Amino acid sequence: VSGSVRHLLGPRSSLTASVGLGLTRVSSASGRDYRDSNMGLEYTRSVNENTSAVITVNGGYADYLGLRAGDGWFVTSLVGVDHQISRALHFSAQLGASIAAIETPAGDRQTTAVWAGKLDLCDQEGRGSVCLMGARTTQPTSIGGLSTVSSVGVSYARSFGSKERDRKSVV
């Protein structure tokens, strides 16, 4: 379950707050059930008509049910730019760091810091859009603890009528 709210701070800037709660149930013997919570803030400021500066901070906590080992918090902070290249083409890039601290089986904390980032390029022409996406971030795993995940993907959306929309994506 997640939600967000956006507040305009002025004619050129906005602040978006988001929260999320999740529960992952694992039916295999090699994984563990966990719940996770996260929240984030994103500040956007228009530099000019086509370009905005973006600062994003997301944080969360993973709680492995019935065990302390693997529990931990994670924070990802990114700075970047959104740019409308043309009427149809949009580019977004953010770079920063993910910091995570997890509880080890011995009872102490293990802290890691890695680079994080996000890259999107979208072509939205008429009734369709194609987006190329890439990301690197830290997130909980079903085997306990946190993992740095790199992903790339493509999404396609096409509008067939005034209200219908067909979406396809591969990540």
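User: What share of the 171 residues in the chain is buried?

Analyst: Bear in mind that this is a predicted model. Buried here means under 20% relative accessible area. By that cut-off, 31% of the 171 residues in the chain are buried.

User: And how much accessible surface does the chain have, and what portion of it belongs to carbon and sulfur atoms?

Analyst: The accessible surface is about 10700 Å², with carbon and sulfur atoms holding 58% of that.

User: How many helices and strands should I look for?

Analyst: You'll find 10 strands and 0 helices. Walk along the sequence and the pattern reads β-β-β-β-β-β-β-β-β-β.

User: What percentage of the contacts with a separation of 6 or more join residues 24 or more positions apart?

Analyst: A contact has heavy atoms within 4.5 Å. Of the contacts in the chain with a separation of 6 or more, 40% link residues at least 24 positions apart.

User: Now the largest pocket. How much space lies in it, and which residues lie nearest its centre?

Analyst: The largest pocket holds about 530 Å³ of space. Its lining has 27 residues, and Thr 56, Asn 58, Thr 76, Leu 78 and Thr 137 are the ones nearest the centre.

User: Which strands supply the lining of the largest pocket with at least two residues each, and which one gives the most?

Analyst: Look at β2 (13-24), β3 (34-46), β4 (51-64), β5 (72-84), β7 (109-125) and β8 (128-140), each of which supplies at least two. β8 gives the most, with 8 residues.

User: How do the lining residues divide into nonpolar, polar and charged?

Analyst: For the largest pocket, the lining has 14 polar, 8 nonpolar and 5 charged residues.

Conventions: Residues numbered from 1 in each chain as written. Predicted model: local features only at pLDDT ≥ 70, side-chain atom pairs only at ≥ 80, totals over all residues. Heavy atoms only, no water. Helix = DSSP H or I, 4+ residues; strand = E, 2+ residues; numbered from the N terminus. Buried < 20%, exposed > 50% of the residue type's maximum accessible area, 1.4 Å probe, protein only. Areas by Shrake-Rupley, 256 points an atom, 1.4 Å probe, with all protein chains shown as cover. 1 Å grid on protein atoms, 1.4 Å probe; cavity = no way out; pocket = protein on both sides within 12 Å on 5 of 7 lines; lining within 4 Å. Points joined across faces, edges and corners; volume = space filled by probe spheres on them. Nonpolar A, V, L, I, M, F, W, Y, C, P; charged D, E, K, R; others polar.
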